[in-house]
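User: I am new to this structure and would like to go through it step by step. Please keep the answers short and give the reasoning.

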Amino acid sequence: MKICKAVVLSVMCTLTSGTAWAQTATVPLDPVNSALDPQSPFAVLYLPRNAPAPVDQVGPTAWTHAYGNPQHNAAFPVAASAPAWIREGVRWNFPEARAWPLSNPHPYGEKVDSIKEALPVQTQFYGNALGVSVVKGVVYAESDDMFAYAVNARTGKLIWRTSPVANTLMGNPLVVGTHVYLSAGSVSFNFANVMKYAKHPAQAGRGKDISYNGIFCLDRTNGKLLWSFKTAGDAMPTPAYADHSLFISTGDGNIYRIRSADGRKVWRTHVGGIANMSSPIVWKGKVYVSMSVIPGLYALNVRTGKVLWKGEIPGAVNTGMGDVPPAVADGIVVMDSVANPRMIGGKPTMTTLVRAFDARDGKVRWTDDMGRGPRVPAFKGGVPMIHDHMVYVGSPVTSTYEAIDLHTGKVAWTWHVPNPGPAGAGRGAPTYYDHTLYISTGPDIYAIDPKNGKMIHQYKVGGRFGIVNPTIVGGTIYLGNSWDWINAVPVHDVNPQFNAHPS
């Protein structure tokens, strides 16, 4: 028995060392790192015949942040000499492992959970919570069906599919060089952590003792697992890539810098709280991270991990400041949160506050109140996007989008989402492309005039879009769907005024 205990302790010590964890490149049921049975439902599939031809390897050359970049504007024009298909746009729908019919407006669990709750549950545990990444003619997606996908951007055909861990994948794949980086972690608490949260919120952690959380690095060509970096708390948020490193925030209040080549830890800073879906961003030597439960927006030195300043939003509640990531441009960091809960007519309500901070020292530049509305389930904030000195941000509480001057905080216009549905609308970041704003929310994509907030056109895809931004490359909009699909829609279908062949 003593020998067994010694062996167990030795194994535990080995597994908890950063080096050993980072070198793990095997998965359960695959102890010798051999190919899985191709008939297995979790088999790694690699179909090289479906990879894009060299001439079709167009679009962004890397994907370094959630929503494309620190401004969250996933818009990528292509050259006039690019292939006709990418300039004019393609249309296809790729069914992922648990695809639910796009034409069915009812979520899977509606009869059990009610439609209001079932809608976000399907986003959290079934389909794509975030949008997709597009790099060199390939669409990369993470899904809560536990798979990651690489799909030909032109044809919609599968190149590879892999399930590196038994956990939900709620991020936006990062693609840099020959690697794809995935983040794993669910929204779950076990009973022990619920009790700990009730007594000691600072010690509780989302995702702890639930499943296998962390960052998983894949070979970009075939999806093969190269290494993994395990974390105790969930790693739901998409990491940020900069300086040959990944910056990670987790559900147990930690922020990490790890090497992108092999997953070795560079530093760890504990700030407390829960990361939720707030992905870090890196800008001019600082990493900006937002946490909830213990609410705060933190600026850290990318080299040392030292906290430089902490910003707050007054009255921030629930998962508010951890629901969405900050955006940064022109030396200003923009963050929003649900806040100030109040019972009105026997029903819970809250507001959405948007706040701008000086990126250097965290001083408050302005605060905007988007209005009060009913409390909505899950992902209660809207992801801010910045383009040309304007902030565009939604609020599921009021099912509206606003255009706000980045420097003054003055609201230029407010747009109300038509038919927002029982769970509210307005979670995803808009995309500014060719003088038009594109928004995906509910089952639809909208084209909005950014000058006045007037709707130009509406296009129904079906299913539901969660915290999804339209990724636009050339003439195509690519999206991830809560109904477990990847969608490709020509820009012209959403905006009839779009000109694929400008003079």
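Analyst: One point comes before the questions: this is a predicted model.

User: For "domain: Pyrrolo-quinoline quinone repeat", which residues does UniProt list?

Analyst: The UniProt entry is unreviewed, and it gives two spans under this name. One of them is 0% helix and 50% strand, with its end C-alpha atoms 19 Å apart. The other is 0% helix and 59% strand, and its end C-alpha atoms lie 23 Å apart. In the order of those two descriptions, the spans in the UniProt entry are residues 213-319 and 350-465.

User: Is lysine 380 buried or exposed?

Analyst: Lysine 380 sits in the loop between β23 (364-374) and β24 (385-387). Beyond its neighbours within four places in sequence, lysine 380 has contacts that include Asn318, Asp323, Met350 and Pro396. The cut-off for buried is under 20% relative accessible area. Lysine 380 has a relative accessible area of 8%, so the residue is buried.

User: How far apart in space are lysine 380 and arginine 427?

Analyst: In sequence the two residues are 47 residues apart. Taken from C-alpha to C-alpha, the distance between lysine 380 and arginine 427 is 7.4 Å.

User: How many of the six residues of strand β17 are buried?

Analyst: In a regular strand, side chains alternate between the two faces of the sheet. In β17, one side carries Lys286, Tyr288 and Ser290, and the other carries Val287, Val289 and Met291. Both faces are covered. For β17, residues 286-291, the number buried is six.

User: Which residue of β17 is the bridge partner of tryptophan 283?

Analyst: Strand β16 (residues 281-283) runs antiparallel to β17, and three bridges join them. The two strands form a hairpin with two residues between them, where lysine 284 takes a positive phi near 50 degrees. Across this pairing, the bridge partner of tryptophan 283 is lysine 286.

User: And which residue of β18 is the bridge partner of serine 290?

Analyst: β17 also pairs with strand β18 (residues 296-301), in the antiparallel sense and over six bridges. This hairpin has four residues between its strands, and valine 293 in the turn has a positive phi of about 65 degrees. The partner of serine 290 in β18 is leucine 297.

User: Which residues touch the most other members of the largest nonpolar core?

Analyst: In soluble globular proteins, nonpolar side chains tend to be buried together. The largest nonpolar core here has 52 residues, and those touching the most other members are Trp92, Val139, Tyr478 and Ile486.

User: How many residues are in the other core that lies apart from it?

Analyst: Its members include Ile281, Ala316, Val324 and Val383. The size of this separate core is 44 residues.

User: How many aromatic pairs are there, and is the pair of phenylalanine 247 and tryptophan 267 tilted or stacked?

Analyst: The count comes to 16 aromatic pairs. For phenylalanine 247 and tryptophan 267, the ring centres are 6.2 Å apart and the planes are at 55 degrees, a pair that is tilted.

User: Why does that pair tie together separate parts of the chain?

Analyst: Phenylalanine 247 is buried at 0% relative accessible area, and tryptophan 267 is buried at 8%. The pair ties together separate parts because phenylalanine 247 lies in strand β13 (residues 245-249) and tryptophan 267 in strand β15 (residues 265-270), which puts these parts 20 residues apart in sequence.

User: Is the pair of tryptophan 309 and phenylalanine 357 stacked or tilted?

Analyst: Tryptophan 309 belongs to strand β19 (residues 307-311) and phenylalanine 357 to strand β22 (residues 347-358), so this pair ties together parts 48 residues apart in sequence. Both residues are buried. Planes under 30 degrees apart count as stacked. The ring centres are 6.1 Å apart and the planes are at 25 degrees, so the pair is stacked.

User: Which residue has its charged end over the ring of phenylalanine 147?

Analyst: Phenylalanine 147 belongs to a cluster in which ring pairs link Phe94, Phe147 and Tyr149. At 4.2 Å from the centre of the phenylalanine 147 ring sits the charged end of arginine 161.

User: What is the relative accessible area of aspartate 434?

Analyst: Aspartate 434 lies in the loop between β28 (431-433) and β29 (436-448). Its phi is positive, about 50 degrees, although aspartate 434 is not a glycine. Aspartate 434 counts as partly exposed because its relative accessible area is 40%.

Conventions. Residues are numbered from 1 along each chain as its sequence is written. This is a predicted model: local features need pLDDT of at least 70, side-chain atom pairs count only at pLDDT 80 or more; totals for chains, interfaces and linings use all residues. Side-chain values use heavy atoms; hydrogens and water are left out. Buried means under 20% relative accessible area, exposed over 50%, partly exposed in between (1.4 Å probe, protein chains only). Contact means heavy atoms within 4.5 Å. Two strands pair if DSSP finds at least two bridges between them. A nonpolar core is a set of buried Ala, Val, Leu, Ile, Met, Phe, Trp, Tyr and Cys residues joined through side-chain atoms within 4.5 Å. UniProt positions are given in the numbering used here, feature names are shortened, and annotations may be inferred rather than shown by experiment. Rings of Phe, Tyr and Trp (its six-membered ring) pair if their centres lie within 6.5 Å; planes under 30 degrees apart count as stacked, over 60 as edge-to-face and the rest as tilted. A charge sits over a ring if NZ of Lys or CZ of Arg is within 6 Å of the ring centre and within 35 degrees of the ring normal.
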